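Subject: Structure handover

Dear colleague,

Here is the structure I said I would pass on. Please open it alongside this message.

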Amino acid sequence: MSPDRRPGAALTSALGIRHPVIQGPFGGGLSTVELTAAVSESGGLGSYGLHATAPERIGPVVDRIRAATAAPFSVNLWVPRPEEERPVPDATALAAHTDRLAAHYAEFGLTPPDLEAANTRLDFEAQVDAVLAARPPVISVVMGTPPRRLVEGARRIGAPVIGTATTVTEARALQEAGCDVVVASGSDAGGHRGSFLAPVRESLVGTFSLVPQVSDAVTVPVVAAGGIADGRGVAAALTLGADGVQVGTGFLRTRESGASRVHRDALASEEAETTVLTRLFSGRPARGIANGLVRELADAEDRVPPYPAQNNLMTPIRTRAAELGRPDRLNLWSGQAALLASGGTARDYLAALVTDAGKVLGRPL
C-alpha cells in the first residue's frame, strides 16, 4: 500500500483522526463536552481542558465525552510550577493584593477570598492518576514537560501525548520527554502562554517564525497554533512544515463553546482587533482583549501574585461579571486573528477550515 501523502497525514495517522485540525483545550469553564464531541465527530481532535477540574470529577467528564463520541479526543492538564506552591505567604501579603482589587469587589458587593482560599490549588499528581484511570484516547499538557509517569502511563493505555512549546528549545525538550506530537504555539495565540524554559518575554516567537524552526528541530509531528482562524492560515501552516494546526479562538466563537455570550460577542467585534498579554486575571501571562479592567490595573501587572492565587482572587469578580454581562470585567481570552473566524457551529466551522485550506493548497486536506 502506498503511503498517505495528503497534507497532515503524519498527524492524522498519529492521532487516528480524519483532518489535521486540533481544537485548542480551554480551561475556566470554556471547554464543554458538546464542543469536544462535535469537533471529534467532524473528523478533528476535540479537546477538553481539565486543569481546573478536581481529580474526582475527571473520570465522569471523560465518560461523558466518550458517551458523546466514539472518535478520538484529547484531555489537557497544566504542569505546575514551583513558585505556585504557596504564592501568598501570609495575611499581610494577601491584604496588599485584595486592597488592589477592593473597588472591584465593592462594585459587585463581593467579599474577598481569605488566605486559605487564595492559595487553594488542585493536586496535580492526583489529576494525573485520574486521567490515566479514565483512559482517554489522547493526553496533552501545557506549561512544561510531561512527568515520566504520565508518559509511561499513557504508553500503557495506548494514548499519544501532546506537548506544547513556545520556543525551539522547548520543542526539543518535549520530544526528549517522550511527547508523540509537539504543538508550536506562537505569540499570536490566545489564552495562557505555555512558556516553561525561559520567561514569557523571551519566548514571544510569532507562529510563522516558530513553526518552520520547530519542524526542522524535531522528528515527531508538529502542530501550528496561534493566529490561525481560517483556511488560509491552515494552508500557510502546512506550507511552512507543520503537520497540522491547533485552533483555539475560532472554536471559542462557536455555539458549542463554554464562552459566555458577551465573550463570543467581543470576539466578533472590533474590540478583538486589540489584544494584550496580561497577568491580571490569573497570575500567568495570557492573551486577551484589552478591556476596562486590563487598562485600569495595567500598572499592577508585575505586582499581582502568581497563579493560582491571582486566579482565585479574581474568580468572584469574573463570575459576577459574566452573570451581569459585563465584558469590561471579564477575561476575554482571544488570539490575534479572532475576526477571521466564522462562528456558527463547530461542525460547520471545521468543515470550512478544511475545505478552504484545500482550495488554497490545490488539493484535498
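Below are notes on the sheets, the helices packed on one of them, the cores and one residue.

Please keep in mind that this is a predicted model.

Sheets

One open sheet is built from 8 strands, in the order β1-β9-β8-β6-β5-β4-β3-β2, with parallel pairing. Its edges are β1 (21-23) and β2 (46-49); each has a single partner strand, so one side of each has no neighbour in the sheet. From one strand to the next, the twist averages 25°.

Within this sheet, strand β3 (residues 73-78) runs parallel to strand β4 (residues 138-142), and 5 bridges join the two. Val 75 has Ile 139 in β4 as its bridge partner.

Two helices that pack on the sheet are worth a look. Helix α3 (residues 55-68) touches β2 and β3, and its direction makes about 160° with that of β3. Helix α9 (residues 168-176) touches β5 (161-165) and β6 (181-185), and its direction makes about 160° with that of β5.

A further open sheet has 3 strands in the order β7-β11-β10, and here the pairing is antiparallel. β7 (191-192) and β10 (275-278) are the edge strands; each has a single partner, so one side of each is left without a neighbour in the sheet. β7 is joined by 2 bridges to strand β11 (residues 286-289), and the two run antiparallel. His 192 is opposite Ala 286 in β11.

Cores

In soluble globular proteins, nonpolar side chains tend to be buried together. The largest nonpolar core in this model comprises 94 residues, and the ones with the most contacts inside it are Leu 50, Ile 139, Val 214, Val 234 and Phe 251. Apart from that core lies another of 11 residues, including Leu 11, Ile 22, Val 138 and Ile 162.

Leaving aside residues up to four places away in sequence, Phe 251 touches Val 21, Gln 23, Phe 26, Leu 35, Val 39, Ser 257, Ala 346, Tyr 349, Leu 350 and Leu 353. Ile 139, also listed among the residues with the most contacts in the largest core, is the bridge partner of Val 75 noted above.

Gln 246

Is Gln 246 buried or exposed? Its relative accessible area is 17%, so Gln 246 counts as buried, the cut-off being under 20%. Gln 246 is in strand β9 (residues 244-247). Not counting residues up to four places away in sequence, Gln 246 is in contact with Ile 22, Gln 23, Gly 24, Pro 25, Val 183, Val 223, Ala 224, Ala 225 and Gly 226.

Regards

Notes:
Residues numbered from 1 in each chain as written. Predicted model: local features only at pLDDT ≥ 70, side-chain atom pairs only at ≥ 80, totals over all residues. Heavy atoms only, no water. Helix = DSSP H or I, 4+ residues; strand = E, 2+ residues; numbered from the N terminus. Buried < 20%, exposed > 50% of the residue type's maximum accessible area, 1.4 Å probe, protein only. Contact = heavy atoms within 4.5 Å. Core = buried A, V, L, I, M, F, W, Y, C linked by side-chain atoms within 4.5 Å. Pairing = 2+ DSSP bridges. Axes fitted to C-alpha atoms, helices over the stretch in contact; angles between N-to-C directions.
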